[in-house]
Amino acid sequence: MTRPRLYSGMQPSADSLQVGNYIGALLQWRDLQDAYEAFFSVVDLHALTQPNDPAELREKTRRTAAQYIAAGIEPSRSTLYVQSHVRAHAELAWILSTITGFGEANRMTQFKDKSARYGTDQTNVGLFTYPVLMAADILLYQTDIVPVGDDQKQHVELTRDLAERFNARYGAAFTVPIPVIQKETARIYDLQNPTAKMSKSAESDAGVLWLLDDPAVSAKKVMRAVTDSEGTVRYDRESKPGVSNLLTIYAALTGRQIPSIEDEYAGRGYGDFKKGLAEVVVNEFGPVRERALDLLADPGELDRVLASNADRAAEVADATLSDVYDRVGLLRRS
Ligand code: AMP
Ligand code: TRP
C-alpha cells in the first residue's frame, strides 16, 4: 500500500534543539511516520543565508540529525537526510526561481522581517530566494502534506502557487502540497518571557530548555520559570502565560490532558508543580540526550546512515528533476 508523502525540515542553526522544536516539530514528525512516507531534512543550504562559520555548520548539521534520530525519527522507516547531499534541491530551486515573480517573493513576510532586522548590508539574495529553495525541497518529493509552524504557512502557500503555475504551463510535474499547521497547544514560549516563542536565537539562555543541556541545568531553569502571584495551577493563556506554558510543556511531554494536571496540583503551590515538571523534563530529555550523545560519539556511523538515506532521497528527487528538465525544454546530454 502506498502511503501519502510528508516532507519537513529544520535548519541546523544551533548546537542543540530547544523544547519548542521538540514538542512543536519532532514529536509530531515522530507520530506521523507510520501513516505517511516521510522525508525529513536538515536544511544546511538554507542555513547559509545566515552568518556562517564552516566548521560550526558541519557540527550543527550532524548534531541536528542526531537529535532527530534520538527523538524517535527512525532512519530505517523515514528518509532522514542532509539537504546538500541531494543536488537536485539547488537545481530545482533555479528552475522554480524563473517562474517566481519578483513581487511575489518580495511579499514574503519572513524576508521582510529579516531584511528589516539585518539592514541592506547583511541581507543577501539567498535570503530573498529562501522560499523558492524551500518550494524545491517540498516539490521534489511529490509531497502531499507539509507539517510546519504558522510562520512557514506563507512559504507553503507560495510552494502551492509555484506547483500549480508550473503544472499549468508545462503539464503535471508536481503534486500540490497541503500545509498542516502546528496546533496552538504545540507552541512553547520562553520560560522567562512567556509571551515570546521559545527560540534557538533567544537573547537570554535562562528561558530556553535545550535538549542537550545537562538535566540538572534544565531542572533549575524550570524551577526558576516566571509565573504569577495567583498561586493556582490553572491554564489561562491571557492572564497566566507563564503557568499556562508550563502546563502545555507538562501535557505535551506526558501525553496527559491539561485539566488532569490542574486537578493533580489543585491546592498545591507552584513549587510542587515546578518540581513535578522538572522531573518530567529530566525523565523525557535524559534518554534523548544520551541517545544523541551516543550517536555523536560515532560520527562515522552517523555519516553512513545519512549517506544511505540521501541515496534514497536522491532516487525520488532525481526522477522529479529529470521530468522537470524535459518539460521545460533543456536539451538532454546524450
Ligand atoms: P526553527 O528553530 O525556528 O527553525 O524551527 C524549527 C521547527 O521547530 C519549526 O517546525 C517550528 O515550528 C518549530 N518550533 C520552533 N520553535 C518553536 C516553539 N517555541 N514552539 C513550538 N514549535 C517551535
Ligand atoms: N523554512 C523552514 C523553517 O524555517 C525549514 C524548511 C526548509 C522546511 N525547507 C522545508 C520546512 C521544507 C518544511 C518543508 O522552519
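A polar contact is a pair of N or O atoms within 3.5 Å, and in this predicted model one such pair joins an oxygen atom of ligand 1 to an N or O atom in the side chain of Asn 21, at 3.0 Å. The briefing below begins with the surroundings of the two ligands, then turns to the nonpolar cores and to two buried threonines.

**Ligand 1**

- The shell around ligand 1 has 14 residues, of which Gly 20, Asn 21, Ile 188, Met 198 and Lys 200 come nearest.
- Two of the polar contacts involve a nitrogen atom of ligand 1: a polar backbone atom of Met 198 is 2.8 Å from a nitrogen atom of the ligand, while a polar side-chain atom of Gln 182 lies 3.3 Å from a nitrogen atom of ligand 1.
- The protein buries 84% of the 470 Å² that ligand 1 exposes when taken alone.
- Helix α1, which spans residues 19-32, gives the most to this shell, contributing four residues.
- Sorted by class, the residues around ligand 1 are five nonpolar, six polar and three charged.

**Ligand 2**

- The residues that surround ligand 2 include Tyr 7, Ser 8 and Gly 9, together with Val 43, His 46, Tyr 130, Met 134, Asp 137, Ile 138, Val 146, Val 148 and Gln 152.
- Three side chains place a polar atom beside a nitrogen atom of ligand 2: the distance is 2.7 Å for Tyr 130, 2.7 Å for Asp 137 and 2.9 Å for Gln 152.
- Taken alone, ligand 2 exposes 370 Å², and the protein buries 89% of that area.
- Two or more residues of the shell come from each of the elements β1 (5-10), α7 (125-139) and β4 (145-148), and the largest share, four residues, is that of α7.
- The shell around ligand 2 divides into seven nonpolar residues, four polar residues and one charged residue.

**Nonpolar cores**

- The largest nonpolar core has 60 residues, and those with the most contacts inside it are Tyr 22, Leu 26, Tyr 68 and Phe 273.
- Helix α12, made of residues 270-297, supplies the largest share of this core, with 11 residues.
- Leaving aside neighbours within four places in sequence, Tyr 68 is in contact with Gly 9, Met 10, Leu 26, Trp 29, Phe 40, Ser 41, Val 42, Ile 73 and Leu 80.
- A second core, separate from the largest one, has 41 residues, including Leu 96, Ala 136, Val 148 and Ala 173; Val 148 is also one of the residues that surround ligand 2.

**Two buried threonines**

- Thr 64 lies in helix α3, which covers residues 54-70, and it counts as buried because its relative accessibility is 0%, where buried means under 20%.
- Not counting residues up to four places away in sequence, Thr 64 touches Pro 12, Ala 14, Leu 17 and Val 42, and Val 42 is also among the contacts of Tyr 68.
- Thr 320 has its place in helix α13, residues 299-328, and with a relative accessibility of 5% Thr 320 likewise counts as buried.
- Once residues up to four places away in sequence are set aside, Thr 320 touches Leu 139, Leu 140, Gln 142 and Phe 174.
- Although Thr 320 and Gln 142 are 178 residues apart in sequence, their C-alpha atoms are 8.0 Å apart in space.

Definitions and conventions: Residues are numbered from 1 along each chain as its sequence is written. Chains are lettered from A and ligands numbered from 1 in the order in which they are written. This is a predicted model: local features need pLDDT of at least 70, side-chain atom pairs count only at pLDDT 80 or more; totals for chains, interfaces and linings use all residues. Side-chain values use heavy atoms; hydrogens and water are left out. A residue is near a molecule or strand if one of its heavy atoms lies within 4 Å of it. A polar contact is a pair of N or O atoms within 3.5 Å; within protein, one must be able to donate a hydrogen and the other to accept it, and residues adjacent in sequence count only if both atoms are side-chain atoms. Accessible areas come from the Shrake-Rupley method with a 1.4 Å probe; for residues, only the protein chains shown count as cover. Ala, Val, Leu, Ile, Met, Phe, Trp, Tyr, Cys and Pro count as nonpolar, Asp, Glu, Lys and Arg as charged, and the others, Gly among them, as polar. A nonpolar core is a set of buried Ala, Val, Leu, Ile, Met, Phe, Trp, Tyr and Cys residues joined through side-chain atoms within 4.5 Å. Buried means under 20% relative accessible area, exposed over 50%, partly exposed in between (1.4 Å probe, protein chains only). Contact means heavy atoms within 4.5 Å.
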